[in-house]
Amino acid sequence: MAEVVLETQALTMRFGGVVASDNVNFKLRARELRCLIGPNGAGKSTFFKCVTGLLTPTEGQVFMRGQETTGWMPHQIASLGVGIKTQTPNVMDNLSVFENIWLAARRFHSVDEAKHKAEAVIERLALNSIARSDLGNLAHGERQRVELGLVAVGDPWLVLLDEPAAGMSAEDVERMTEIIHELTKTAAVVIVEHDMQFIRSIAQTVTVFHQGAVLMEDHVDKVMSDETVRNVYLGKKAG
Ligand SMILES: Nc1ncnc2c1ncn2[C@@H]1O[C@H](COP(=O)(O)OP(=O)(O)OP(=O)(O)O)[C@@H](O)[C@H]1O
C-alpha cells in the first residue's frame with residue numbers, strides 16, 4: 001500500500017464553545033486525490049487551516065510523511081515539499097505569468113534552474129498562451145490556473161487546495177480538472193470544494209464533514225446517494 005503522506009489524529013479545534021473541528025482522524029496516501037465536502041459551517045475550512053498551519057488545533061496532531069507538523073507555520077510546512085493554495089491570492093498583478101512562476105521557483109532553485117523550472121511548469125500546466133501576459137490582465141479562471149502553477153513549481157508531493165474552482169466558468173473548471181489530474185501524477189491532492197460537478201469530475205473518494213466531524217468517507221457516487229448525506233445537505237438532522 002502507498003505511503004501515508006498526510007494524517008491527522010483526533011484533530012480538534014474549538015472557538016470558544018464552538019467545536020469547529022471535532023476529533024478528526026484523516027489519512028491520505030501518496031498520489032491519492034481527496035475532496036473534502038459538506039454543507040456550510042461543517043468544518044472543512046477549519047480542518048484545512050489546521051493542516052496548512054493557518055490555525056493551531058486545540059487538540060490532536062498532524063503528520064506529514066510521518067513528521068509531526070502540528071502548530072507549524074505555513075512556510076515551514078511548504079518547506080517540506082507541500083504546495084498550499086489558500087483562498088487569498090498569492091500573485092503579483094504587475095508581473096507576467098512567467099515572472100510570477102519564476103519568482104515562486106526561486107524559493108526552491110538557483111536563478112538558472114528557476115527559469116527551466118518555470119518553463120517546465122508553464123508547459124506542464126498548458127499556460128503557454130498567457131505566459132507573457134501580466135497577471136492583472138487575466139480573467140479569474142486563468143489566475144486560478146496560474147496559482148496552481150505557483151504550487152506546482154516546488155515539485156510538491158502533497159498539494160492542499162482551498163476551493164480552486166470557486167467562481168469559475170464551466171470551461172475553466174474543465175481546464176482545472178485537467179491540471180489537477182496532471183498534479184496527481186506526482187502528488188497527493190486534498191481539495192476543499194463546493195462545486196459538486198467539479199467534485200464528480202475529479203474525485204473518487206470524498207470525505208464528508210458535518211458539525212466538525214467526519215460523517216462519511218467513500219466513493220463519490222456512494223456518498224451522493226446516501227440518505228444521511230442528502231439530509232445533511234438539505235439541512236435535516238443527520239440520523
Ligand atoms: N475564527 C472563528 N471564530 C469563531 N468561530 C469560527 C471561526 N472559524 C470558523 N468558525 C465556526 O466554526 C464552524 C465551522 O466553520 P468552517 O468555516 O470551518 O466551515 P466550512 O465547512 O468551511 O464552511 P463553508 O463551506 O461555509 O466555508 C462554523 O460554526 C463557524 O461559524
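How many helices and strands does the secondary structure of the protein chain come to? In this predicted model, the count for the protein chain is nine helices and ten strands.

**View 1. The protein chain as a whole, in a predicted model.** The C-alpha atoms of the protein chain, taken along the principal axes, fill a box of roughly 55 × 40 × 35 Å. For a compact globule with 239 residues, a radius of gyration near 18 Å would be expected, and the protein chain, which has 18 Å, agrees with that value. Of these 239 residues, 40% count as buried. When contacts with a separation of 6 or more are considered, residues 24 or more positions apart account for 65% of them.

**View 2. Helix α1, which spans residues 44–52, and the glycine that comes just after it.** Nine of the nine residues of this helix are buried, so α1 is largely enclosed by the rest of the structure. The buried residues include the polar and charged side of the list, with Lys44, Ser45, Thr46, Lys49 and Thr52 among them, and they also include Phe47, Phe48, Cys50 and Val51. Just after α1, glycine 53 takes a positive phi of about 90 degrees.

**View 3. Helix α3 and what covers its buried residues.** Seven of the ten residues of α3 are buried, so this helix too is described as largely enclosed by the rest of the structure. Those buried residues are Val97, Phe98, Asn100, Ile101, Trp102, Ala104 and Ala105, and what covers them includes α4 and α5. The next two views take these neighbours in turn.

**View 4. The contact between helix α3 (residues 97–106) and helix α5 (residues 140–152).** The axes of the two helices come within 8 Å and cross at roughly 25 degrees, and α3 and α5 are therefore roughly parallel to each other. The crossing in which α3 passes α5 is right-handed. On the α3 side the meeting residues are Val97, Asn100, Ile101 and Ala104, while α5 contributes Val146, Gly149 and Leu150. Sorted by class, this contact has five nonpolar, two polar and no charged residues.

**View 5. The contact between helix α3 and helix α4 (residues 111–124).** Here the axes again come within 8 Å, but they cross at roughly 125 degrees, which makes α3 oblique to α4. The crossing of α3 past α4 is right-handed. From α3, the residues Phe98, Ile101, Trp102, Ala105 and Arg106 meet Ala114, Lys115, Lys117, Ala118, Val121 and Ile122 of α4. By class, the contact of α3 with α4 has eight nonpolar, no polar and three charged residues.

**View 6. Isoleucine 101, a residue in helix α3.** Isoleucine 101 is buried, because 28 other C-beta atoms lie within 10 Å, where 20 or more are needed for a residue to count as buried. Leaving aside its neighbours within four places in sequence, isoleucine 101 is in contact with Ala118, Val121 and Ile122, and also with Gly149, Leu150 and Val153. Between isoleucine 101 and serine 201, which are 100 residues apart in sequence, the distance in space is 27 Å from C-alpha to C-alpha.

**View 7. The loop between α5 and β7 (158–162), with glycine 154 and aspartate 155.** Glycine 154, which lies in this loop, is buried, with 21 other C-beta atoms within 10 Å. Not counting residues up to four places away in sequence, glycine 154 touches Gly81, Gly83 and Phe108. The C-alpha atoms of glycine 154 and alanine 20 are separated by 31 Å, and these two residues are 134 residues apart along the chain. Aspartate 155, found in the loop as well, is partly exposed, with 15 other C-beta atoms within 10 Å. The phi of aspartate 155 is near 50 degrees, a positive value in a residue other than glycine.

**View 8. Asparagine 23, placed in strand β2 (residues 18–29).** Most residues other than glycine have a negative phi. Asparagine 23, although not a glycine, has a positive phi of about 60 degrees. Is asparagine 23 buried or partly exposed? With 15 other C-beta atoms within 10 Å, asparagine 23 is partly exposed.

How values were computed
Residues are numbered from 1 along each chain as its sequence is written. This is a predicted model: local features need pLDDT of at least 70, side-chain atom pairs count only at pLDDT 80 or more; totals for chains, interfaces and linings use all residues. Helices (H or I, at least four residues) and strands (E, at least two) are DSSP runs, numbered from the N terminus. The radius of gyration is taken over C-alpha atoms; the globule rule is 2.2 Å times the number of residues to the power 0.38. A residue is buried if 20 or more other C-beta atoms lie within 10 Å of its own, exposed if 12 or fewer, and partly exposed in between; C-beta atoms are placed from the backbone. Two residues are in contact if their C-beta atoms, placed from the backbone, lie within 7 Å. Axes are lines fitted to C-alpha atoms, for helices over the stretch in contact, and angles run from 0 to 180 degrees between N-to-C directions. Angles under 35 degrees count as roughly parallel, over 145 as roughly antiparallel, 65 to 115 as roughly perpendicular and the rest as oblique. A crossing is left-handed if the near helix is turned anticlockwise from the far one by less than a right angle, and right-handed if clockwise.
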